[in-house]
Amino acid sequence: RAGAARGDGVRLHAAVPESVSPAARAMLVSPTTGREMSLDMALRPLPKTYILAFMTHFGDLSSWEYAQQLAFHLPELRASGVGLLAVGIGTAGAATKFAECTGLDLDCILADPTGEAYKALGFNSGVLSKAPVSPYARLALMLAGIGSEGTIREVIRGYVGKPQEEKWLRDTIRIVDSSRFDTIGTGYTRPFELATLRLQNMVEILPLWGELVPDADLVTQQGGTYVVVDGRVVLEHADSGILRYAPLPATLAAAGLAVPRKA
């Protein structure tokens, strides 16, 4: 397969679609080997259909929740011949701890210590990102829904539930016996079920904050997701704010899973 040309004359591998090419030379770190590699090189071994998920930093609620869903669906993806590369912001050591905590295979993860790829792709850097304001003050604003479109709606969804069942929650919730939610029904996401998972994640993240979190200036950096088939992007999602990562049903369907398990 022929490579794709960039404007600077550099020839890229065909695995790098045009939408992703601005970040092709971004340097990432493998937590399994500790070696640096470009995104271009990281994409080369993937099959013709793959999901490229740019998660937020390794101590973020969004990245934990997203990774837990990806981990649940990973056997299904592999059985269907679909590749997965999940990039997170932070060190290789943080990536290792993140994989241990979320259950996502370490082999699927690369670390972006400086957020280089995210900046190259123009992902949302968070509210007041260029203002002389504490990163944690900006994070607090986003948690309150300011400059973080859809976050409050997503938080409320965690408490009230929704008609669609989220099967991954049953396997992921450990803070309580998840079967207790069956007393109020099955076949849908029960009230407080998703909120319980988020509470569990927060309780586990806080003691590890110093180990997981990168440069404080990156705590509000958002990510995005691409589904690529034969070098062509068939789904592109940019996170609008906290907890607004790519919806799994649409992502799996775009990757060609005919009957995706409900996310």
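## An aromatic cluster and two unpaired cysteines

Phe54, Tyr118, Phe123 and Tyr226 form one aromatic cluster in this predicted model. A search of the whole structure finds 10 aromatic pairs, and two of the pairs that involve Phe54 are set out below.

| Pair | Centre to centre | Angle between planes | Geometry |
|---|---|---|---|
| Phe54 and Tyr118 | 5.5 Å | 80° | edge-to-face |
| Phe54 and Phe123 | 5.7 Å | 55° | tilted |

The pair of Phe54 and Tyr118 links distant parts of the chain, since Phe54 belongs to strand E5 (residues 49-57) whereas Tyr118 belongs to helix H4 (residues 116-121), 64 residues apart. Both Phe54 and Tyr118 are buried.

For the tilted pair, Phe54 lies in strand E5 while Phe123 sits in the loop between H4 and helix H5 (135-143), so this contact ties together parts that are 69 residues apart in sequence. Phe123 is buried, as is Phe54.

Turning to the cysteines, the count of disulfides comes to zero. Cys101 is in no disulfide, and the nearest cysteine sulfur to that of Cys101 is the one of Cys108, 16 Å away. Cys108 is likewise in no disulfide, with the sulfur of Cys101 as its nearest cysteine sulfur at 16 Å; because a disulfide requires the two sulfur atoms to be within 2.5 Å, this pair does not qualify.

Are these cysteines buried or exposed? Cys101 has a relative accessible area of 17% and is buried, and Cys108, at 4% relative accessibility, also counts as buried.

Technical notes. Residues are numbered from 1 along each chain as its sequence is written. This is a predicted model: local features need pLDDT of at least 70, side-chain atom pairs count only at pLDDT 80 or more; totals for chains, interfaces and linings use all residues. Side-chain values use heavy atoms; hydrogens and water are left out. Rings of Phe, Tyr and Trp (its six-membered ring) pair if their centres lie within 6.5 Å; planes under 30 degrees apart count as stacked, over 60 as edge-to-face and the rest as tilted. Helices (H or I, at least four residues) and strands (E, at least two) are DSSP runs, numbered from the N terminus. Buried means under 20% relative accessible area, exposed over 50%, partly exposed in between (1.4 Å probe, protein chains only).
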